[in-house]
Amino acid sequence: MEPFVRLVKERGADFAQFRPFTGNTLNIMPILENLRKKYEDENFKIVASYQKYKEMNDPLHRGYDKCHGMFFSTVISADFKVWACLHFRQSDKHFLGDLREQTMEQIWRGSRIREVYESINCAECPILCRNDSFNRTLNRLSLNVTNSEFL
């Protein structure tokens, strides 16, 4: 990480950015803090997806067990097939339909989308998957409200 920071700073960039790799749970926060102390100044910043690294601290606890995000972030592959998830395109389990045979509305309103939704095991999904932020937010919205007048 340090050679990368040195290189981009020496080449005149005004920032270096780090993002987690899918499936990698290495806690780089201490390294980032050291690099920030050593290299940051008024002309150069080190940025990262800090919230994602924080969420990786406990990879077994996602905070949700349903993939609500599939309704917001489906994938259409080059062969016109529609998948529930970017990470599992080409998986029969996540296949929603084929746009050569059905319209998007037919796929969206069909029974298959509910079957796929019910069958997804979030524990098999990559950490910080594409739908993770949707799932965390929507799961929090589905929790019991202590005082409904608060809303």
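**Figure 1. Gly 69, a buried glycine in a loop.** At 0% relative accessibility, Gly 69 counts as buried in this predicted model. Gly 69 is found in the loop that runs between H3 and E3. Once neighbours within four places in sequence are left aside, the residues in contact with Gly 69 are Asn 131, Phe 134 and Asn 135. With Asn 131 there is also a short backbone separation to read off the view, the two C-alpha atoms being 4.8 Å apart although Gly 69 and Asn 131 stand 62 residues apart along the chain.

**Figure 2. His 68 and the residues that it touches.** His 68 lies in the loop between helix H3 (50-55) and strand E3 (75-76). The relative accessible area of His 68 is 19%, and because the limit for a buried residue is under 20%, His 68 is classed as buried. Not counting residues up to four places away in sequence, His 68 touches Tyr 117, Asn 135, Leu 138 and Asn 139. Asn 135 thus links this view to the preceding one, being among the contacts of His 68 and also among those of Gly 69.

**Figure 3. A salt bridge within helix H6.** Asp 132 and Arg 136 form a salt bridge in which the closest N and O atoms are 2.8 Å apart. Because these two residues are four apart in helix H6 (residues 132-142), about one helical turn separates Asp 132 from Arg 136. Both partners, Asp 132 and Arg 136, are buried. Elsewhere, Glu 2, Arg 6 and Lys 38 are joined into one network by salt bridges that share partners.

**Figure 4. Salt bridge between Asp 98 and Arg 100.** The side chains of Asp 98 and Arg 100 meet in a salt bridge, with an N to O distance of 2.9 Å. How does the exposure of the acidic partner, Asp 98, come out, buried or exposed? Asp 98 has a relative accessible area of 5% and is therefore buried, whereas Arg 100, at 54% relative accessibility, counts as exposed.

**Figure 5. Salt bridge between Arg 36 and Glu 40.** In this view the side chains of Arg 36 and Glu 40 meet in a salt bridge, the N to O distance being 3.2 Å. Arg 36 has a relative accessibility of 28% and counts as partly exposed, and Glu 40, for which the value is 23%, also counts as partly exposed. A search of the whole structure finds 12 salt bridges.

**Figure 6. The whole chain, as a setting for the close-up views.** The protein contains six helices and five strands, and from the N terminus on its elements follow the order α-β-α-β-α-β-β-β-α-α-α. The radius of gyration is 20 Å, well over the 15 Å that the globule rule gives for 151 residues, so the protein is more spread out than a compact globule. Along the principal axes, the C-alpha trace spans about 55 × 50 × 25 Å. Of the 151 residues, 32% are buried, and the accessible surface comes to about 10200 Å², with 52% of that area belonging to carbon and sulfur atoms. Among contacts between residues at least 6 apart in sequence, 62% join residues at least 24 apart. The protein carries 22 positive and 20 negative side chains, and the centres of these two sets lie 3 Å apart.

Notes:
Residues are numbered from 1 along each chain as its sequence is written. This is a predicted model: local features need pLDDT of at least 70, side-chain atom pairs count only at pLDDT 80 or more; totals for chains, interfaces and linings use all residues. Side-chain values use heavy atoms; hydrogens and water are left out. The radius of gyration is taken over C-alpha atoms; the globule rule is 2.2 Å times the number of residues to the power 0.38. Buried means under 20% relative accessible area, exposed over 50%, partly exposed in between (1.4 Å probe, protein chains only). Contact means heavy atoms within 4.5 Å. Accessible areas come from the Shrake-Rupley method with a 1.4 Å probe; for residues, only the protein chains shown count as cover. Lys and Arg count as positive and Asp and Glu as negative; His and the chain ends are not counted. The place of a charge is taken as NZ of Lys, CZ of Arg, CG of Asp or CD of Glu. A salt bridge is a side-chain nitrogen of Lys or Arg within 4 Å of a carboxyl oxygen of Asp or Glu.
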